[in-house]
Amino acid sequence: MTILVTGGAGFIGGNYVLDWFAQTDEPLVNVDKLTYAGNLETVASLAGHPGYTFVQADIGDRAIISRLLHDRKPRAVVNFAAESHVDRSIDGPSEFIQTNVVGTFNLLESVRGYWTNLSDTEKSAFRFLHVSTDEVYGSLGPQDRPFAETNPYEPNSPYSASKAASDHLVRAWHHTYGLPVLTTNCSNNYGPYHFPEKLVPLVILNAINGKPLPIYGDGQQIRDWLYVKDHCSAIRTVLAGGKLGETYNVGGWNEKPNLDVVKTICGILDEMKPRADGRSYADQITFVRDRPGHDRRYAIDARKIERELGWKPAETFESGIRKTVAWYLENTQWTANVQSGAYQQWVKKNYAGREQ
Ligand code: NAD
Ligand code: DAU
């Protein structure tokens, strides 16, 4: 028994791979292209683990992926690999179409070729789990009900449109070819090993580095926050018991306006690592020009996964965010390395001239 994970050097994939070996000895092959977001330091503790293999490859490279599938014979593929940052998709959508749409298509074709030649027993046991996002459903008004699996797709950014396209391909490969697929659509994750282009790690690191904490627009946009390890447990649950061809929404019932999230982080930092001048980190909050097309509110109705598969998050936002802040304060080597030259260039490009 073996599973193959794509994008396992990224934030969620990395946490998933680490959690996997904390729970089982089943071998796992981690395939990652190592884009700017891929970081082998995240999974460095697995070097030398007998069940762990890392392969640097693009999910769109059919020759390499097909050979890997043939050689390692996984019972499942879990697809995390994607371009994942909305702001970068606005700045340059091309890579998002390439990896999230064309890459997923090629991965599906490699997997279909492999799956078709399995024995009947292996075929029916096989699973392709596609990790997707709540952003495919678009934006909610203040009184709207949280996104259910039956909501129509209304993606608004190049990122969410590319993820929506990939979800449709996965669905079609099940409907047309019978590929045994599962899809999860999850809300905003936070936790250890999160690349600091995203709000939560950006705010923690900017705060302790004495930099501004940039809030897009009025900061009243709402996201539904889930601790990354809860997302990982949801994926394991769906992989083990999900109904073929079904989608499962995953969320933490933690709707928060961005400004509240940032103020909560500042409050925890004030306690854990007080500023030398005795003032609050909240003084560093700066309002900046909004993200174009910024979705106002996301919220996930996670009742299906709870009802059908018995999954529930273990962390509240309050417990998860404290663990996250503490992790960033303790893991200074990891955080120093990810804030390299390339990262600084992105920060300059995204935030220069944006102050209001
Ligand atoms: P991430 O950007 O941190 O990591 C993505 C990983 O994929 C990186 O290691 C990168 O090197 C790899 N990758 C990119 N293109 C690749 C390619 N062509 N071939 C192979 N590897 C490639 O992203 P993340 O936040 O960990 O998100 C993982 C998945 O979960 C994505 O599919 C994303 O859409 C989805 N998701 C993310 C969130 C969130 O809040 N971060 C929420 C819901 C769903
Ligand atoms: O909802 C799930 C999605 O969550 C995932 O599919 C994406 O991969 C993931 O990146 C995340 O998307 P968001 O755009 O919601 O995450 P981000 O951390 O970039 O932003 C969170 C909110 O904070 C959003 O409303 C924009 C805002 N923001 C973000 C940054 C980087 C700011 O106000 N200032 C910032 O500097």
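**Notebook: a cavity and a sheet**

I looked up the second largest cavity and found a volume of about 60 Å³, where a cavity is a set of points on a 1 Å grid over the protein atoms alone at which a 1.4 Å probe fits but cannot get out, and a volume is the space filled by probe spheres set on the points, which are joined across faces, edges and corners. The model is predicted, so local features need pLDDT of at least 70 and side-chain atom pairs count only at pLDDT 80 or more, while totals for chains, interfaces and linings use all residues. Residues are numbered from 1 along each chain as its sequence is written, chains are lettered from A and ligands numbered from 1 in the order in which they are written, and side-chain values use heavy atoms, without hydrogens and water.

I then listed the lining of the second largest cavity, whose residues include Glu135, Arg223, Arg291 and Asp295; a lining residue has an atom within 4 Å of a point.

Next I traced the open sheet, in which 7 strands (DSSP runs of E, at least two residues, numbered from the N terminus) follow the order β3-β2-β1-β4-β5-β6-β10 with parallel pairing; two strands pair if DSSP finds at least two bridges between them. I noted β3 (52-56) and β10 (247-250) as the edge strands, each pairing on one side only.

Within the sheet I checked β1 (residues 3-6), which runs parallel to β4 (residues 76-79) and is joined to that strand by 4 bridges. Looking along this pair, I found Thr6 opposite Asn79 in β4.

Notes: On a 1 Å grid over the protein atoms alone, a cavity is a set of points where a 1.4 Å probe fits but cannot get out, and a pocket is an open set with protein on both sides within 12 Å along at least five of seven lines; lining residues have an atom within 4 Å of a point.
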